[in-house]
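The following report describes selected features of one protein structure. Please keep the sequence and the model in view while reading.

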Amino acid sequence: MLSAEVRGSLQKRFYKKVGDYISDLGKRFENSDDAESWLANVVSYGSTARNPIKIVLSPHEKACIEDFVQTENDLFGKVMVAISVMAAELRFLMHEARQRFLDPLLHYSDAYIENPSYLSLGRFLPFLQEFSCFKSRCKEVIALVLQQLNVLAERDFASGTMVFLYECLSGLCSCLITADCIIKSNNTLRDHWTTYKASLNACSHSANMAAKVGLENADIKEIESFLMNIERDLLSGTIFLDCLSNVGRLNLTRKFLDSWSVAFQQLIADVDNPISQSQNPGKIGERVMACGSLLILHVVVTRNVDKKFLRMFLDVCKTAPIVALWQNMSICPADVVLAMIPDVGKHVDKKQLQLIQQAKEGILQARLQNLAKDVASFRVDAMEWVTRIQALAKESQPIIDEDTPRFVRSGLLLARRVQNSVVQLFHFHSILLKPLPRQTLFLIGNMLEILMVLKGCKQTYDITLSQLIDRIVQLTTNRMQNACYTLEKRLAGEKRVGALEHVDALTSLQLLQQCLVSGPMTEQRMIVLKACLGVGLSMKKWPQDELNYVQIFVPLLKDLATFHEAFDNACNMSIFYWNRQVLRPYLEEIFQNPNQSPRIFCLLAAFETSSRSLRRVRHADPDGLVKKFGQEVRSEVNECIINPLCREIEMNLRLTVHSHLSLPERNPFDAVVRDIRQIISLDAIQFLNHIICVRDEVESYLDKTFYDLTTVALHDWKTYDEMRSLALHMYGLHVMQAHLPCQTLEQGADILEIMRNINYFVSNYAYNLNNQVFVERTSNSKHLNTIGIRHIANSLRTHGIGIMNTTVNYTYQFLRNKFNLFSQFMFDEHIKSRLIKDIKIFRDMKQNDAMAKYPFERAEKFNKAIRTLGVTADGQTRLDQFRMLITYIGNAMGFVRTVRSGGLHHCSKAICFIPDLEDIESFETLAKEEEVAVNNTATKDLDDVITMLNKNLSDGTEFFKLLLEVFSGEFQNVRNRHLHNFYMIIPPLMVNFVEHAVTCKERLHKKNPSGLVLFTDDGFAMGVAYILALLGQNGLFDSLNWTDAVREKFRKDAEAAAQANRMDAQGNRSDVQSDEKLRQALKLTARRLDSYIKEFELLFYSLSSARIFFKTNPTGSVQQTSKEPPAEGNPAPTTADSSVNAINQAPVGI
């Protein structure tokens, strides 16, 4: 027994485990609830097609900067106008570079292009000319801005605005550096450029080529000069350095360098500022590049490398060692900047470069480790933002509190953080040449969903957000105005009212208030606002608490003023155009997990945003490129989702329809249960002006498949009809009816085709005497064709009853040719001699015993001995060939019988509506009596048709009798006495036939039989009966008592086998019986003996039935006599040709 303490301890452990299990279960349910609610958001906002109307509100005004910078302090006003105009020009050039020039340069490639390279480059030349002009303008503006900065550095109040100007200048310089990097990395552009120049050079040296393109020498020289200028200005990859080429000539003061130092240090501080990193993490890389461009500017101006500034720049590069310049263009800023500085190796500490390389690996590793947590945090924040937006949309007049502006902006900041995470992951893996792990790829897909849900929610509640943002902007501007007004009153009450510095501070506050209240918050007003704020900050007149308040609300006001445009840019996933290969794993994962199928909306919506930059290409048709990009994405969807889904649905329908067959069992516990109905039930997906509807695609596939397969095998129409019903019941798919077959007429092979190819027919079909049906011997498909009475009747219905006589005539021609071969075989000396010998032996046996039987052993000996005469390539003896010849003749006679039966069947169907065939009324007489019509031609024709049908049905044509009469005369002619030995070869033929039949039937039970497989072949019995009737040898064959001999032989064999089994049962164990192998052999022998007995009996029954068809009346023209064959010494034809000629002289017609 356990002590109380031990029992208590065990109970505590047990209860603790139970509690942990329950808490873990609760967490799982909470997670499942979160997953379901998130999936609901994906379904609601993942598709942009749900919001066909998009609202974009952008502040705009026609007033220029001079109009709203009005002040009595003229000098200050002019300086502020100059500063604002320069900043606006720099911002405009930066915006123009990003909107007009970077995308065409980046997208110049051979992707989706089928035109030759010279044509693409020829279309691209106007763009290069425009870019060259843009570069010249940037060069002039940069020189002018530096001159103005040099002058402004002399004024104290302007020192605060110079940081803002340097920030704008560095932004433009970063765009120029981006253009240089794109051109250097675009190998396609350089290759096409070289090819184009070579072609132009060839034209200058060949007058013929110049004439073809319509150029003269002067034109060629002018074009070559133009190309040289473009190559020097743009394609050399030194656009930024060329724009700074005139800067070294400027006479810049020391104060300018001091102001540059202040701006450089401020930009360095902004990179490390956590507030800036949280608000717009994507701007960190831009700020690092801005620092690098200012460093290059300082080197160009001073013609010297300051190690302090270089060290500061390299230190900040550790924070962002890899920078995404534009879409898929990413660089290492330290490498790019150092490459532009001459003799930089003397000033760089190699340890710092090693630390930067280590920082790349460390940052990527840290991102991958925290990625799952970040995605979970992003999802929670997204759900919170979406939920609150939904709540605000339900209120008629939402209340705006202190937290509302930050909350509305938090959606934009969240989108920026998610976008930056996705972009950075792609760029870090690309630069470091590391493969993207599959788990990381799926987490990126989750972040895509977050972005698209945020975008969809924003588009759904655009009206609510627009009204809310308008009120928030008004509230924010009022608060900032009140703060400025309070500060203005404080400054106005100070004693130093007349001081110039004091006046400038008051003027900046007044201008700031004018910008806030005199119009919408356009970009120009934001520039003036920042300039005035910089002046106020430089004078250090604002209290720190009010300063922080204003500084916080300026970026908030900027984001809210351009909320719609900023949100669209934050949700832009153009990076996925350059990483299209990640689409397939996403789609495959969705197909394997149908419960995640709504995610496809977000996935395709993200890829649709990546097509925005394609519309700016200049070397090809933008619409054509977007169309081909859409085709590529849709083909991936088809290959990964729609096509496998169609095949799986078809397979499930087939397995369900054929579930009654012995199919392998499918254990649902062994395989993952997938509810593919969730994929089918997806709404239509809109992608680049195309609709992807999974349900319609599956229905169309099933429609086409069922229709095509039904046309191939009409007999399967019922199976596919059941599959249509199952598709509706199991998956809710409405599959169209194929309406095939349009009729249930079972015609089979046409009688005309059989008649024209009767040689092929009798050799490739086996006849069944009882059912009057022909079965195909072999087939390449899994089905065997059959031809019966119904097929012939339907064919006669198509072609008419008159075709029967033509069919019999064709059969006669066929029989005449086959009887030629029959005569040649019987005339053969080897065969004839053996038969004459057997006849003499049997005649001697008859003299001794009138009831003598033809020995079975002699028939077996004949069958085996004939193999010595030779065999064919496929192992057939001459007796096998003779048996096949007789089978073909019997098949032809069976075909004649089937045709006659089909004719009677057709006539009976046609006349089935006549009530009494014994008493048929005359319609012509009835019409005359009733005076139905003046002209009785129609009634007369009807009477004729009925009379003909009745005659055909009652009389019929005795085709067998005709075929007997046409050949019997020649067969019993003295010239063909060698044919009279036929009755003696029948026993060996039967032995040969039974061996062949048993072998063919045994193959039926084999899985992969090799050789002919048959279960019926009554053509042999039919042929034997027909030839016996032609020769009149039925009596001679019966005199052989062959049936009794066969039965007696197998009876004795059966008794011997039974005696052996009885001895074994009594326990008499001899040497033979003790051998297990011999015992098994005896069992197999008994089984084979039983097969032979059944096969012989079946042959005898078939022959007895067939002989009935060829019996004639005693008064008939054909006498069924049993004539003795000629004696051995009787004269016989010297050659077989005489008998052949005799048969050929038989009448042709019937």
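The axes of helix H16 (residues 404-431) and helix H17 (residues 438-460) come within 10 Å and cross at roughly 155°. Helices here are DSSP runs (H or I) of at least four residues, strands (E) are runs of at least two, and both are numbered from the N terminus. Axes are lines fitted to C-alpha atoms, for helices over the stretch in contact, with angles from 0 to 180 degrees between N-to-C directions. H16 and H17 are therefore roughly antiparallel to each other; angles over 145 degrees receive this label, whereas those under 35 count as roughly parallel, 65 to 115 as roughly perpendicular and the rest as oblique. The crossing of H16 and H17 is left-handed, a term applied if the near helix is turned anticlockwise from the far one by less than a right angle.

On the H16 side, the residues that meet H17 include Gly 411, Leu 414, Val 418 and Leu 425. Their counterparts in H17 include Thr 440, Ile 444, Met 447 and Leu 454. Contact means heavy atoms within 4.5 Å. The residues of this contact between H16 and H17 divide into 11 nonpolar, four polar and no charged. In this classification, Ala, Val, Leu, Ile, Met, Phe, Trp, Tyr, Cys and Pro are nonpolar, Asp, Glu, Lys and Arg are charged, and the others, Gly among them, are polar.

The model is predicted: local features need pLDDT of at least 70 and side-chain atom pairs count only at pLDDT 80 or more, while totals for chains, interfaces and linings use all residues. Residues are numbered from 1 along each chain as its sequence is written, and side-chain values use heavy atoms, with hydrogens and water left out.

A second helix pair is formed by H3 (residues 74-106) and H4, whose axes come within 10 Å and cross at roughly 155°. That angle makes H3 roughly antiparallel to H4. The crossing of H3 and H4 is left-handed, and the residues of their contact divide into 18 nonpolar, one polar and five charged.

Glu 130 is placed in helix H4 (residues 117-152). With a relative accessible area of 29%, Glu 130 is partly exposed; buried means under 20%, exposed over 50%, and partly exposed in between (1.4 Å probe, protein chains only). Apart from residues up to four places away in sequence, Glu 130 touches Arg 100, Phe 101 and Arg 618. Glu 130 and Phe 101 lie 29 residues apart in sequence, and their C-alpha atoms are 8.8 Å apart.

Arg 525 belongs to helix H20 (residues 523-539) and counts as buried at 3% relative accessibility. Beyond its neighbours within four places in sequence, Arg 525 contacts Glu 61, Phe 68, Gln 514, Cys 515, Ser 518, Gly 519 and Pro 520.

Two loop residues are set out below.

| Residue | Phi | Loop | Relative accessible area |
|---|---|---|---|
| Leu 688 | near 50° | between strand E3 (685-687) and strand E4 (690-692) | 7% |
| Gln 772 | near 50° | between strand E5 (765-768) and strand E6 (773-776) | 11% |

For Leu 688, phi is a positive value in a residue other than glycine, and the residue is buried. Gln 772 likewise has a positive phi and is not glycine; Gln 772 also counts as buried.

Across the protein, the secondary structure comes to 45 helices and seven strands. Of its 1150 residues, 47% count as buried.
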